[in-house]
Amino acid sequence: MGTSVYTLALFPKYWGFQLLFLLSYIFHNAEEWDEPYLTLISFFILIICSFSKKHGQKAFLSFLTILITDNLLKFPGLANHSTVMLFIALVMYIPQLKICFHRHVNLEKTISLLQWIVVTVYFFAGFHKFNTDFLNPITSCAFDKIDTYLLLFHLTLNDIPSYIKTSAPFLIIAMELGSSLFLILGRTQKAAIISILILHFVLAPVGFSDFSSLAMGMMFLFIPERFVKLSTITYQIRYLTIFVLFMQSIFAFWRWPNNSEEFYFIEGIVLILLYSY
C-alpha cells in the first residue's frame, strides 16, 4: 500500500525534524570527536538526507540503526540527552521502516508520540530539581559555568546579588515545569517554545551545545503544519548542512590541539545562529 495523501501533508514537518535530529547527533559527537568514525558517518548520512530525496529516507533509517545500536551498547552509561535521543530513535524506527518500504504510516501518531517525549522530558527536568542541592544557591548547578558570561563583563559569582542567587533555581524550575505544561495547550505553545529557546540560547555557548541542539530541534515538532513548506525546508536544510560541515571541520582542527573553553563558547554561538536561521 502506498503512502497516503494525509501522510504526505505531514511529511515536510517530519522530514524537517529528521534533519534537525541528525544535526543534534552530529553536534553531540563532534563536541569531543572521541568516536570519529561515527561522526564522519553521520556527516555522510546528513549529506545524503539533505540532497537526495530518493535515498535520503533509507540513509536516515541507517542512521537510526547506528544510533540505537551504539546507545544500547553503552546503556545505561549515557548522558541524559543521549537517553532522550535513544527513545526518540526507537519511536521513529518502525515508521521509518514503513516509509522506506512504501507502506502506510500514520505520521500524525508518530509526531504526537515525539511531542509527548518532549513534554515528559521537560516535566521531569523541572520536577527532579526539587532537592536541597539545587535549591541551595551555594551548591546549585543553576550557576554552573555561568562564569563564562560573567567574565565578559569582568565579574565573578560573588558580584551577583543574593536575591538573584536565591530566586534563580526556582525560576529555572518554573520555566521547565511551566514549559512542559504550556506545550500541551495550543494557545500557550508559542510562549513555551520561546521560553525553551531562550533557555537553550543561554546554555548552548557554555558547554551544552549538544543538548541544546537536540532541544531546539525538538521545538520544530510543535510548529503548525501550515507554516512548514517542503520547498523552504529543502533549501534551508541544504544551506545548514553545508555550513555545519564547514564549521565543524574548523572546530575539529581547533578543538584537538587547543582543548580550550573558547571552543565550546564559539560552537554554542554558531549553534544559536543555525537554529535561529
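Which residues make a nonpolar surface patch of about 510 Å²? In this predicted model, the patch is made by Trp 116, Leu 181, Phe 182, Ile 184 and Leu 185. Of these residues, Ile 184 can be placed in the loop between helix H8 (162-182) and helix H9 (189-203), and with a relative accessible area of 42% Ile 184 is partly exposed, because that value lies between the 20% under which a residue is called buried and the 50% over which a residue is called exposed.

**Overall make-up**

The secondary structure of the chain comes to 12 helices and zero strands, and, read along the sequence, this gives the pattern α-α-α-α-α-α-α-α-α-α-α-α. The chain has 277 residues, of which buried residues make up 48%.

**Helix packing**

Two packed helices are described by the angle between their axes and the distance between the axes. The table sets out these values for two pairs, one of which involves H8 and the other H9.

| Helix pair | Angle between axes | Distance between axes | Handedness of crossing |
|---|---|---|---|
| H5 (residues 107-127) and H8 | about 155° | 8 Å | left-handed |
| H9 and H10 (residues 209-218) | roughly 160° | within 9 Å | left-handed |

For helix H5 and H8, which pack at an angle of about 155° with their axes 8 Å apart, the outcome is a roughly antiparallel arrangement, since angles over 145 degrees are counted in that class. The axes of H9 and H10, for their part, cross at roughly 160°, and H9 and H10 are therefore also described as roughly antiparallel to each other.

**A buried glutamate in H8**

Helix H8 also holds Glu 176. Is this residue, Glu 176, buried or exposed? Its relative accessible area is 9%, so Glu 176 is buried, given that the cut-off for a buried residue is under 20%. The C-alpha atom of Glu 176 is separated by 8.5 Å from that of Phe 124, although the two residues are 52 apart along the chain.

**A cis peptide bond**

Most peptide bonds are trans. Against that background, the bond that joins Phe 75 and Pro 76 is a cis peptide bond, with an omega of about 5°. As for where this bond falls in the chain, Pro 76 has its place in the loop between helix H3 (56-74) and helix H4 (80-100).

Note on methods
Residues are numbered from 1 along each chain as its sequence is written. This is a predicted model: local features need pLDDT of at least 70, side-chain atom pairs count only at pLDDT 80 or more; totals for chains, interfaces and linings use all residues. Side-chain values use heavy atoms; hydrogens and water are left out. Patches are made of residues with over 30% relative accessible area and no salt bridge: like charges are joined within 9 Å, nonpolar side chains (Val, Leu, Ile, Met, Phe, Trp, Tyr) within 5 Å. Accessible areas come from the Shrake-Rupley method with a 1.4 Å probe; for residues, only the protein chains shown count as cover. A salt bridge is a side-chain nitrogen of Lys or Arg within 4 Å of a carboxyl oxygen of Asp or Glu. Helices (H or I, at least four residues) and strands (E, at least two) are DSSP runs, numbered from the N terminus. Buried means under 20% relative accessible area, exposed over 50%, partly exposed in between (1.4 Å probe, protein chains only). Axes are lines fitted to C-alpha atoms, for helices over the stretch in contact, and angles run from 0 to 180 degrees between N-to-C directions. Angles under 35 degrees count as roughly parallel, over 145 as roughly antiparallel, 65 to 115 as roughly perpendicular and the rest as oblique. A crossing is left-handed if the near helix is turned anticlockwise from the far one by less than a right angle, and right-handed if clockwise.
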